[in-house]
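Please open the model in a viewer and keep the sequence panel in view. The tour below proceeds by selection, with a description of what is found at each stop.

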Amino acid sequence: MPQKITIALAGNPNAGKTTIFNNLTGARQHVGNWPGVTVEKKEGVLKHNDYDIYVVDLPGTYSLTAYSLDEIIARNFVVEESPDVVVNIVDASNLERNLYLTTQFMELGVKLVIALNMSDLAEARGQKIDTKKLSDFLGVPVIPTVGHKNKGTDVLIQTIVDMADGKINLDRVTIGYGEEVEEEIQKIEDLIQRDGALTQGCPSRWLALKLLEGDEEVTKKVTEEET
Amino acid sequence: MERREILDQVKRSSAHLKSISGDDIETIISERRYGFISGICKQVVTRSMEERLTTSDNIDRIVINRSLGIPVFLFLMWLMFKFTFTVSGIPMGWVEDGQEWLGDTIGDLFPEGSILGSLITDGVIGGVGSVIIFVPLIFTLFFCIAILEDSGYMARAAFVMDRFMHKIGLHGRSFIPMILGFGCTITGIMATRTIEQKRDRFTTILVNPFMSCGARLPVYALLIGTFFPEKGGTVLYSIYILGIIMAIIMAKIFRKYLFPGPPSPFVMELPPYRMPTIKGVIIHMWERGALYLKKAGTIIFAGCILVWFLSNFPWNPQYSRDYDALKQKAEADFASGLVTKEAMNETIANLKNEQASEKMQKSYMGGLGRIIEPAVRPLGFDWKIGVGLAGGFVAKEIVVGTLGTLYAVGKADEEAVSLRERLQNDTWPDGRKIFTPLTAFALMVFTLLYVPCVASIAVIRKETNSWKWPLFAAGYTTALAWIAAFMIYQGGKLIGL
C-alpha cells in the first residue's frame, strides 16, 4: 500500500513553476478549475518508491494577501487543505522579490521546501548564491534546480519525501517586527489563543499579523463567526 | 464576545502603531519583511555586477561599506556624545542653580541643628537633587539614540558590527542588546532573549554590563563637568569605548573558555531608511527617560535617605572637644574685647568645620568608610568615594547622590556651595587634593566596570535561571574594575599625572 503525500507548488509568476510541475509529474496530469471560479487548477501524480505524491499547482502569486483571487485561492488551499509539504519555487535571478512569498509561507507555519530555480541564469548574470547559508537563515531546505534542464529534480523529490516524513528538522525562523509591533502582536495573539476554533489550520501569530495588516478575508472570518 | 475583543484590540493596536511611526501598519510590516529579505540577500548573494541602486542602497554603500562602516559608526557615536554634552549643559546649569536656591530657601526655614531640616536639605535636596540635575543630559542622549533607531541606522550598526562580532565568536544579534545596554543594562539583558543559542546568549548577558548604561552617566557627567570641562565629549566617549573594548575582550574569553562552540547563523535585518517622526522620537525618549525619573523618585530617594541617616547618626556623638563651649568662649572673648569680630567669626567657622568633619567620621557611614577605605585607597579613592561606590550597588546614580549627601553634610558655612566646587576643594589630611583629573578618570573607569546594580543582578538571575551567573558577573566585573582603576591611577602617578 503506497503512502499518499499531497504537495502544493507555489511561486511567483514566471519563476518556472510549470516546468518543475512537468518535471515532477510527467504526463500524469489533470487540468480542471478551482471550485467556484474559472481559475485553472492543475493536478498530477508522481510515483516515487513507496509514495504516491499528489502535486497541486497553485496559481502564481507574489504574496498571500487577500487582494487578488489567485492569492486567496493559493492561501485557502494551504490553510484549508493543509498539504503535507509546500514547495516554493524561487527564481534565483530575482531572489529578493521572490523571497517575499517565502516569508508568507514561513509565517503560515507550513512544511516548506524551496526549489531555487534558474540558478544557472543567476550565475550567468554574475550572482552566486550560497544555498547552505540561505537555508540556515530561512530555516527551510533549499534545493538548487534548473527546470528546463531537469536538474535537481531527484534531490527535490527526496527532500519533499523526507520533509513529509518529518525527517528534516531545521530550526524554525521567526521574522521579527520590532519591539512595538511585537508587543501589539502579542496582545492580539493572547486573545486569539483563547478561541480554539480560530487557530485551526494556521498559527495565531499569522492571524494576528493578518489582522494588523487589515487583511479583509481574515477580518471577515473573525467577524462572521462572531455571531 | 471574545471575537469582538480581538477586533477591538486590533483597532487599538493599529491606531497606536500608526501614531508612533506615522505610517500605516501594513507598510511597517511589509517593510520589516523586506528588511529581513534584504538582510539575507546581502549575506547570501555575491554579485559581480553593478546593481540598480535605490536611495537606501546608496546610503548603505557608505554606511555598511566594508572599510567605511566602522569609522562611520564610531564617528556617529562620537557626534552623539558631543551633541549630548554640548546641548544639555545649559539646562543643567539652570537645574543646578534652582536646586541650590531651593536648598538655601528651605534650609532657612529650619533652626540650626534641626534633624528634619538636615534630612530635607542635605538628604533629599542634596542627594536626589544631584541626580535630578542630569535629567536634561539623559533625555538628550535618549533623544539621539531614538533618532538613530527610528531612522534605521541602528540596524546598520548591528550589520556593520556583525562581521566584527563574528571575530569574537558572537554575531550581530548580540550587538542589539549591547546597544540597548547604553540605555539600561536591564533592557539590554532582556533583549538577549532573541538569541537562540545558549552560549551566545549567556556570553552577551555577561558582558552587557560593560555597555555603559544611562545610570552611570550622572557619575561621568559630574566628574567630567568638574575636572574635564574643556574635553567633555571626548572623555565621555573614551569611557564608552573602553566599555565596548572590555566587553569585546571578555566576550572573546568567555566564548573560548566558558561557552565554546561555533556561532549560529543569523539574518541581519535591514529595513529601509526612514525619516524619524518627532512624535515617535519623543515617545521613545520619554519611555526610557521616565524610567530614570521613576528610579530617582523611588530607589534613589530611599538610598539617599539611608545614606543621610548613616552619615548623620549618631546625631550627637562623643566629640573629642567641647565645641559648643569653645564657640561660647570665642563669643565671650569678643564681648570682653579680647578679639575682633572678624577673628571671632573665623574661629567659630573653623570650629563648626572641625565639628562637622568629626561628626561625619564618627557616624555609621564613617565606620563603614573606614572598613572600605583600605580596599579603595590604592585606587586613589578616599572613604567618601568608597561609600558612594558601595551605595552604587543599589543603583549607579547613587554614587552621585551619596557624594552629594556626604559633601552637603560636611559643609561648614551656611552658603550652599555646589557639589562640583566641594569636590574640587576636598583634600586628604596632608593637604593634597583628593580629586585630581587622574582620580576622577580612575573613578569613572571603576564606575563603568564594577558590579552591575542590584536590579541587573536580579535580571541576570532570572534570565540564566541560576545564581551562579549573577554571582560570577558581580565578582568578575568588580575584580576587573579594581585592576583597571589601579593601573590607571598608579600608572598615571608614575608618569607624573
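## An enclosed helix in chain B

The model is predicted. Begin by selecting G172(B), R173(B), S174(B), F175(B), I176(B), P177(B), M178(B), L180(B) and G181(B), which are the buried residues of α8(B). Helix α8 of chain B spans residues 172-181, and nine of its 10 residues are buried, so this helix is largely enclosed by the rest of the structure. To see what surrounds the buried residues, add four helices of chain B: α7 (153-167), α9 (185-191), α10 (198-207) and α12 (232-258), against which they pack.

Now widen the view to the whole of chain B. It holds 23 helices and one strand. Of its 497 residues, 44% count as buried. Among contacts in this chain between residues at least 6 apart in sequence, 75% join residues at least 24 apart.

## Two helix pairs in chain B

Select helix α4 (residues 69-109) and helix α6 (residues 135-151) of chain B. Their axes come within 8 Å and cross at roughly 150°. α4(B) and α6(B) are therefore roughly antiparallel to each other, and their crossing is right-handed. Display the side chains at the contact: from α4(B), M80(B), F83(B), T84(B), V87(B), S88(B), P91(B), M92(B) and V95(B); from α6(B), P136(B), L137(B), T140(B), L141(B) and C144(B). Coloured by class, this contact shows 10 nonpolar, three polar and no charged residues. For the spacing of the residues along each helix, recall that an α-helix has 3.6 residues a turn, so residues three or four places apart point the same way.

Next, select helix α11 (residues 217-227) and helix α21 (residues 437-449) of chain B. These pack with their axes 10 Å apart and at an angle of about 165°. That angle makes α11(B) roughly antiparallel to α21(B). The crossing of α11(B) past α21(B) is left-handed. On the α11(B) side, the contact is made by V219(B), Y220(B), L223(B) and F227(B); on the α21(B) side, by P437(B), A440(B), L443(B), M444(B) and T447(B). Eight residues of the contact of α11(B) with α21(B) are nonpolar, one is polar and none is charged.

## The sheet of chain A

Move to chain A, which has nine helices and eight strands. Of the 227 residues of chain A, 45% count as buried. For contacts in chain A between residues at least 6 apart in sequence, the share joining residues at least 24 apart is 66%.

In which order do the strands of the open sheet run? Following the sheet across chain A gives β2-β3-β4-β1-β5-β6-β8, seven strands with mixed pairing. The edge strands are β2 (29-33) and β8 (142-145), each of which pairs on one side only. Neighbouring strands are turned against each other by 25° on average, direction ignored.

At the β2(A) edge, select strand β3 (residues 40-48) of chain A as well: β2(A) and β3(A) pair in the antiparallel sense over five bridges. One position to label is N33(A), whose bridge partner in β3(A) is E40(A).

Then add helix α6 (residues 153-164) of chain A. This helix lies across β1 (3-11), β3, β4 (51-57), β5 (85-91), β6 (112-117) and β8 of chain A, and runs at about 160° to β8(A).

## An oblique helix pair in chain A

Select helix α7 (residues 178-193) and helix α8 (residues 204-212) of chain A, whose axes come within 9 Å and cross at roughly 120°. α7(A) and α8(A) are therefore oblique to each other, with a right-handed crossing. In α7(A), pick E184(A), I185(A), I188(A), E189(A), I192(A) and Q193(A); they meet S204(A), R205(A), L207(A), A208(A), L209(A), L211(A) and L212(A) in α8(A). By class, the contact of α7(A) with α8(A) has eight nonpolar, two polar and three charged residues.

## Where the chains meet

Finally, display both chains together. Here 35 residues of chain B are in contact with 38 residues of chain A. On the chain B side, α1 (2-21), α2 (25-44) and β1 (45-47) each supply at least two residues. That side of chain B has 17 nonpolar, nine polar and nine charged residues.

Which strand of chain A is joined to β1(B)? Select β7 (residues 127-129) of chain A: three bridges join β7(A) to β1(B), and the two run antiparallel. To finish, label I129(A) and its bridge partner in β1(B), V45(B).

Definitions and conventions
Residues numbered from 1 in each chain as written. Chains lettered and ligands numbered in written order. Predicted model: local features only at pLDDT ≥ 70, side-chain atom pairs only at ≥ 80, totals over all residues. Contact = placed C-beta atoms within 7 Å. Nonpolar A, V, L, I, M, F, W, Y, C, P; charged D, E, K, R; others polar. Pairing = 2+ DSSP bridges. Buried ≥ 20, exposed ≤ 12 C-beta atoms within 10 Å, placed from the backbone. Axes fitted to C-alpha atoms, helices over the stretch in contact; angles between N-to-C directions. Parallel < 35°, antiparallel > 145°, perpendicular 65-115°, else oblique. Left-handed = near helix turned anticlockwise from the far one by under 90°.
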